[in-house]
Amino acid sequence: MPAASPVTEQGTVTSATATRKGAQPLAQVRELKKIFRHGGRELPVLRGITIDLGRQEMLSVVGMSGAGKSTMLHILGALDRPTSGSIVFEGRDLVTMPSG
């Protein structure tokens, strides 16, 4: 099992397995951002997350309460839409897919 990939200050994780084998990643997340707006104020929750996840890889999402873990998982599971960015899963862009 490959070592855990570090997260940079910009929120970037690169899969060591997908890169090393030269295989196309199962999922590619690019510059994923989510901003909640309420009462004229903006709350940036996800700030440019980039992840490559290869087949048979595991990823754990850890962080403090309120850091955006559930928000990210809701977006990756196509339960919510990001403010910007792209999510490509098995070659299909989930962000541009019609809902329903």
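These exercises walk through a predicted model of one protein chain.

**Exercise 1. The overall plan**

Task: Work out how many helices and strands the protein chain has, and in which order they run.

Solution:
- Step 1. Count the elements. The protein chain holds 2 helices and 5 strands.
- Step 2. Read them from the N terminus. The order is β-α-β-β-α-β-β.
- Step 3. Turn to burial. The protein chain has 100 residues, and 27% of them count as buried.
- Step 4. Look at the contacts with a separation of 6 or more. Residues 24 or more positions apart make up 50% of these contacts.

**Exercise 2. One face of helix H2**

Task: Find the buried residues of helix H2, and say why they line one face of the helix.

Solution:
- Step 1. Locate the helix. H2 spans residues 69-76.
- Step 2. List its buried residues. They are Thr71, Met72 and Ile75.
- Step 3. Look down the axis of H2. The buried residues fall within an arc of 100°, so they line one face of the helix.
- Step 4. Find their partners. The buried residues of H2 pack against strand S2 (27-38), strand S3 (41-53) and strand S4 (84-89).
- Step 5. Move on past the helix. Ala78 follows H2, and its phi is positive, near 65°.

**Exercise 3. Two residues around H2**

Task: Decide whether Leu76 and Gly68 are buried or partly exposed, and find what each one touches.

Solution:
- Step 1. Place Leu76. This residue sits in helix H2.
- Step 2. Check its accessibility. Buried requires under 20% relative accessible area. Leu76 has 26%, so it counts as partly exposed.
- Step 3. List its contacts, leaving out residues up to four places away in sequence. Leu76 touches Val29, Leu32, Ile87 and Leu94.
- Step 4. Compare sequence with space. Leu76 and Val95 are 19 residues apart in sequence, and their C-alpha atoms are 9.5 Å apart.
- Step 5. Place Gly68. This residue belongs to the loop between S3 and H2.
- Step 6. Apply the cut-off again. Gly68 has a relative accessible area of 11%, so it is buried.
- Step 7. List its contacts, again leaving out residues up to four places away. Gly68 touches Val45 and Leu46.
- Step 8. Compare sequence with space. Gly68 and Pro44 are 24 residues apart along the chain, with 9.4 Å between their C-alpha atoms.

**Exercise 4. Positive phi without glycine**

Task: Glu31 and Glu90 each have a positive phi. Find where each one lies and how accessible it is.

Solution:
- Step 1. Take Glu31. Its phi is near 50°, and Glu31 is not a glycine.
- Step 2. Place it. Glu31 lies in strand S2.
- Step 3. Check accessibility. Glu31 has 43% relative accessibility, so it counts as partly exposed.
- Step 4. Take Glu90. Its phi is about 50°, and Glu90 is not a glycine either.
- Step 5. Place it. Glu90 is in the loop between S4 and S5.
- Step 6. Check accessibility. Glu90 has a relative accessible area of 49%, so it is partly exposed.

**Exercise 5. Two polar contacts**

Task: Find the polar partner of Asp52 and that of Thr96, and say which of the two residues is buried and which is exposed.

Solution:
- Step 1. Place Asp52. This residue is in strand S3.
- Step 2. Check its burial. Asp52 has a relative accessible area of 15%, so it is buried.
- Step 3. Find its partner. A polar contact of 2.6 Å links the side chains of Asp52 and Arg30.
- Step 4. Place Thr96. This residue lies in the segment after strand S5 (92-93).
- Step 5. Check its burial. Exposed requires over 50%. Thr96 has a relative accessible area of 61%, so it is exposed.
- Step 6. Find its partner. A polar atom of the Thr96 side chain lies 3.4 Å from the backbone oxygen of Asp93.
- Step 7. Compare sequence with space. Thr96 and Ser86 are 10 residues apart in sequence and 8.3 Å apart, C-alpha to C-alpha.

**Exercise 6. A pocket**

Task: Describe the volume and the lining of the second largest pocket.

Solution:
- Step 1. State the volume. The second largest pocket has about 170 Å³.
- Step 2. Count the lining. This pocket is lined by 13 residues.
- Step 3. Go to the centre. Ala78, Asp80, Arg81, Leu94 and Met97 lie nearest to it.
- Step 4. Sort the lining by class. There are 9 nonpolar, 2 polar and 2 charged residues.

Notes:
Residues numbered from 1 in each chain as written. Predicted model: local features only at pLDDT ≥ 70, side-chain atom pairs only at ≥ 80, totals over all residues. Heavy atoms only, no water. Buried < 20%, exposed > 50% of the residue type's maximum accessible area, 1.4 Å probe, protein only. Helix = DSSP H or I, 4+ residues; strand = E, 2+ residues; numbered from the N terminus. Arc of directions from axis to C-beta. Contact = heavy atoms within 4.5 Å. 1 Å grid on protein atoms, 1.4 Å probe; cavity = no way out; pocket = protein on both sides within 12 Å on 5 of 7 lines; lining within 4 Å. Points joined across faces, edges and corners; volume = space filled by probe spheres on them. Nonpolar A, V, L, I, M, F, W, Y, C, P; charged D, E, K, R; others polar. Polar contact = N/O pair within 3.5 Å; in protein donor to acceptor, adjacent residues only side chain to side chain.
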